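Trainee: I have just opened this one and could use a walk through it. Can we go piece by piece?

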Amino acid sequence: MTEKPLLALKGVHTHIGRYHILQGVDLEVYAQRVTVLLGRNGAGKTTTLRTILGLWRASAGEIVFDPYRLNALDPPAIARLGIAYVPENMGIFSGLSVRENLLLGTGPKGFRNSRLEDVLASFPLLREKWSLPAGTLSGGQKQILAIARAMILPRRLFVVDEPTKGLAPAMVDVLLDAFLRLKEEGATILLVEQNFAMAATLGDDAAVMEDGRIVHVGSMVALAQDEALQTRLLGLSLASHQ
Amino acid sequence: MIMRSFSPLFRRSFGLRLLSGDTPGHPVASALMAVLVFVLACAPLLFPGTRAVATAARVAIFVVLAASYDLLLGYTGIVSFAHTLFFGLGAYGVAIALASGGPSWGALVAGSAAGIGVAALLGIGIALLSLRVRAIFFSMITLAVASVGQVLASQLHDITGGEDGLTFSVPRLLSPSFHPLSEPVLGVRIDGRFNTYYLIFIISLVLFLLLLRLVNSPFGRVLRAIRENEFRAEALGYRVIVYRSLASAIAAAMAAIAGALMALLLRYNGPATTLSFSIMIDILLMVVIGGMGTLYGPAIGAALMVLAQYYLEPALQFLAELTAPFPWLSAVFQPDRWLLWLGFLFMLVVMYFPAGIVGSLRARRLHYQTR
Amino acid sequence: MKPTERVLPVLLLLLIAALGFAAMPFADWLTLSAAGLAMGMMLFLMVAGLTLIFGLMDVLNFAHGAFITFGAFAAGTVFAKLPQLVASDRLGENLLVLAIAAVAAALLSGALGFGFERVAIRRVYGAHLRQILLTTGALIVAEQLAIVIWGPDAIPVLKPAGLRGSFLVAGAVIEKYRVVAALFGFFVFVLLQMILAHTRIGIIVRAGVENREMVEALGYRIRPLFAGVFVAGAALAGIGGAMWATYAATVTASLGSDLTVLIFIVVIIGGLGSVGGSFLGALLVGLVTNYVGFLAPKLALLSNILLMASILLWRPRGLLAAGGR
């Protein structure tokens, strides 16, 4: 690629307590593309995302979100640069209503300058549950809500951690549609996804992590076609997942 | 092994074994401890008056009380405000037994045993509570429980003598009127007070050494692991509930023994003597300023606090008179405001020297050693 | 929390009231219930900030009683400086001096809270042990400072003339001041709930109580918010202290420390981070204290502790505990 990456990690190390989780991560995410971060459990994928978001401090290395250096910033500042985070546990506030959860995703003008109508059109169920406490939603619905909250304003980067984890296949399809729509609009997404089929459908670029380092970078298409590589890196093949 | 017993190294290693391999960790701390032990050991010889010796006894008792609290706070990581309850239970056990049963050794032992037993059980109860509710709640609940203890002690005056407390006579050997030798030995009168003092000193010393042994044993190491990371300890197979309960019971029992000794010293016990919140504060100050999790810290802290309480007031008086022309300033130095200054010192220590005196000294030594 | 789970605690309150009703003559019950409600409202004022601070930032402030003490003294000073308004028979002037006292208390305690958060609390975020120790020390220092400023003796606090005396309702004696205190406390409760429910800040606070990290990841700075909640909580506690002192007609430097156990019981019963929970908890404690204080005076504190213990056995995190922490 000759263009500059939107997000670049160079030699990033993260320590949690006395554990050295990230051991020199080099990762590049390009604008208007979906980058999928793959790897076995415990490889450090979630840690990488959290480090980008500033939830964990990198002990070494550089994180550059064109043109800002994220290392020194705290999570609110990073979020305000236009990075939306959908964490593994969804980060939904159970005691707040669906409306209030969505409201928290908006800026100072609230719903006025937001994409609320688009979001509600994409996910009609949110309109149904509008005033209900988010805690009454099912797992899949909460995930939709989390994505909707991320989508409610235009963002420079979406950082999404295992959105389909534990979801019923029907819900996975709804999610897939939502992401594909985002992709059509030209969104930049960094996605951690264990469901290889989903990853292969959505992803443009693939990066594979192992033991706190990136061990493979390439196009998603190439990886999807190379079963031997898949097995070596991830211990599975696309076929076995269908 | 055989070599050790015959070589000059034996004495040094014996000393080390006595302290269970846990030394104060810094020359200054060791010096302070040595002075403390020496002064306490020879108090009746060094000080002519009964008041000074009684103060020394108080120091010994508070060393045990503070060290037992350190077992909970510094080694197990439990912040309990109910420690004075155990102190009071031991004291009331002795007081009630001797007041109602007469000044016999049987009553003394029975009363102590009862106080210690109830304290240990209560200690276990508190430990179980700490696992049932969140840590945040736990400290607050212990505060409430301590207040209940105080209230009960003042209300049940048929048993406890209420607000006035109980005065009683102690067994003859410990009584001030006991004079076996009419002539002083080495300038010291051998009487009941002398005996009482050494009873207190020896028991305190033994308890302190036992605590050292306990925290440096595998049990102590597990306690520390639990304090660092409870989940991990549990995952490694250590049943946190068992360890906490044991630590709590032991700390409670030791505090109760300290209470029994206190009652013997004063030949009196009342709610204000052993159950008041100001004593709990004193214990906290001793442990935190001295250095949590070191045992030597609380010992030094206890000595410092008891001394401070005697010397701080005259020092403040001096400053108050000095600043008399400025009434606002002078008010801050009133001798009654010694707690203001100690509290302030306490806050400074927590903010800037959380390791306390001994902890900071040890850290310094480590820093210089690893350079 | 399911709606049924929310209703049960309210039923508990009604149950206690019913037990009281059954245990004593009607007139006494009415008087004591009014007293209990008023006491509960004042306790609620003192506790509202504390529970939010716990819930939002996981900060244990054992020195919260200091805000109560300083608020109480502020009120006493205001009354002493405006004797004409206090002695007046006109309700308007009485309410005015009461309002001034409340504002003074809020300002003084709020300022104290601001300073304390800046200087001390900030350094011990996330370290529970040090928080407990530091704030316990602060409570002692605050009490001593109160003695330095206002002297060691109890200061009398005169109730405004128009608010002394009582109403006679159905044979029961209900003090006028208690009614005012109860109404005011209820008003603050409703106001707080509305702020939490309908304003952006309120939503952020409620979200933060549940999951502080996520709120930050959404772009909101929690630290300044927390400082704000801390100061607001301190100010409210000051007002609560002012009202308590007016009711008790006296204030000593140890007021805050003396009330510390009681306010902790309320917070524990209610559940950390729940304003509604602390409201209910405060009312429960108020009623229990008054009923038991009449039936068996020596057992008042003990009965509150038993109440707390029973509630914890039923719901270990308090009646209406918020969030997943």
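Trainee: Which residues touch the most other members of the largest nonpolar core?

Mentor: Bear in mind that this is a predicted model. The largest nonpolar core has 320 residues, and those touching the most other members are A:Val159, B:Ile61, B:Ala66, B:Ala299, C:Leu43, C:Ala75 and C:Ala101.

Trainee: Which helix gives the most to this core?

Mentor: Helix 2 of chain C, residues 26-57, with 21 residues.

Trainee: Back to C:Leu43. What does C:Leu43 touch, leaving out residues up to four places away in sequence?

Mentor: On that count, C:Leu43 touches C:Leu262, C:Ile263, C:Val266, C:Ala282, C:Val285 and C:Gly286.

Trainee: And at what angle do helix 2 and helix 8 of chain C cross?

Mentor: Roughly 60°, with the axes coming within 6 Å; helix 8 is residues 200-210. An angle of that kind falls outside the parallel, antiparallel and perpendicular ranges, so helix 2 of chain C is oblique to helix 8 of chain C.

Trainee: Which residues meet there?

Mentor: From helix 2 of chain C, the residues are C:Leu52, C:Gly55 and C:Leu56. They meet C:Val205, C:Gly208 and C:Val209 in helix 8 of chain C. By class, this contact has four nonpolar residues, two polar and no charged ones.

Trainee: Switching to chain B. How many helices and strands are in chain B?

Mentor: Chain B has 19 helices and two strands.

Trainee: Why is chain B called as compact as a globular protein of that length?

Mentor: Because its radius of gyration is 22 Å, close to the 21 Å that the globule rule gives for 371 residues. The C-alpha trace of chain B spans about 60 × 55 × 55 Å along its principal axes.

Trainee: What percentage of chain B is buried?

Mentor: Buried residues are 47% of the 371 in chain B. As for contacts in chain B with a separation of 6 or more, 73% are between residues 24 or more positions apart.

Trainee: How do helix 5 and helix 15 of chain B cross?

Mentor: Helix 5 (residues 50-76) and helix 15 (residues 277-290) of chain B have axes that come within 9 Å and cross at roughly 70°. The two helices of chain B are therefore roughly perpendicular to each other.

Trainee: Which residues of those two helices meet?

Mentor: Helix 5 of chain B brings B:Phe62, B:Leu65, B:Ala66, B:Tyr69, B:Asp70, B:Leu73 and B:Gly74. On the side of helix 15 of chain B, they meet B:Ile283, B:Met286 and B:Val287. B:Ala66 also came up earlier, among the residues that touch the most other core members. By class, the contact between these helices of chain B has eight nonpolar, one polar and one charged residues.

Trainee: Now between chains. How many residues of chain C are in contact with chain B?

Mentor: 30 residues of chain C are in contact with 30 residues of chain B. On the side of chain C, helix 6 (128-150), helix 11 (255-270) and helix 13 (300-314) each supply at least two residues. Helix 6 of chain C gives the most, with 14 residues. This side of chain C divides into 23 nonpolar, four polar and three charged residues.

Trainee: And how many residues does the contact of chain A with chain C take from each?

Mentor: It takes 17 residues from chain A and 14 residues from chain C. On the side of chain A, helix 2 (75-80) and helix 3 (98-103) are the elements giving two or more residues. Helix 2 of chain A has the largest share, four residues. That side of chain A has 11 nonpolar, four polar and two charged residues.

Key. Residues are numbered from 1 along each chain as its sequence is written. Chains are lettered from A and ligands numbered from 1 in the order in which they are written. This is a predicted model: local features need pLDDT of at least 70, side-chain atom pairs count only at pLDDT 80 or more; totals for chains, interfaces and linings use all residues. A nonpolar core is a set of buried Ala, Val, Leu, Ile, Met, Phe, Trp, Tyr and Cys residues joined through C-beta atoms within 7 Å. A residue is buried if 20 or more other C-beta atoms lie within 10 Å of its own, exposed if 12 or fewer, and partly exposed in between; C-beta atoms are placed from the backbone. Two residues are in contact if their C-beta atoms, placed from the backbone, lie within 7 Å. The radius of gyration is taken over C-alpha atoms; the globule rule is 2.2 Å times the number of residues to the power 0.38. Ala, Val, Leu, Ile, Met, Phe, Trp, Tyr, Cys and Pro count as nonpolar, Asp, Glu, Lys and Arg as charged, and the others, Gly among them, as polar. Axes are lines fitted to C-alpha atoms, for helices over the stretch in contact, and angles run from 0 to 180 degrees between N-to-C directions. Angles under 35 degrees count as roughly parallel, over 145 as roughly antiparallel, 65 to 115 as roughly perpendicular and the rest as oblique.
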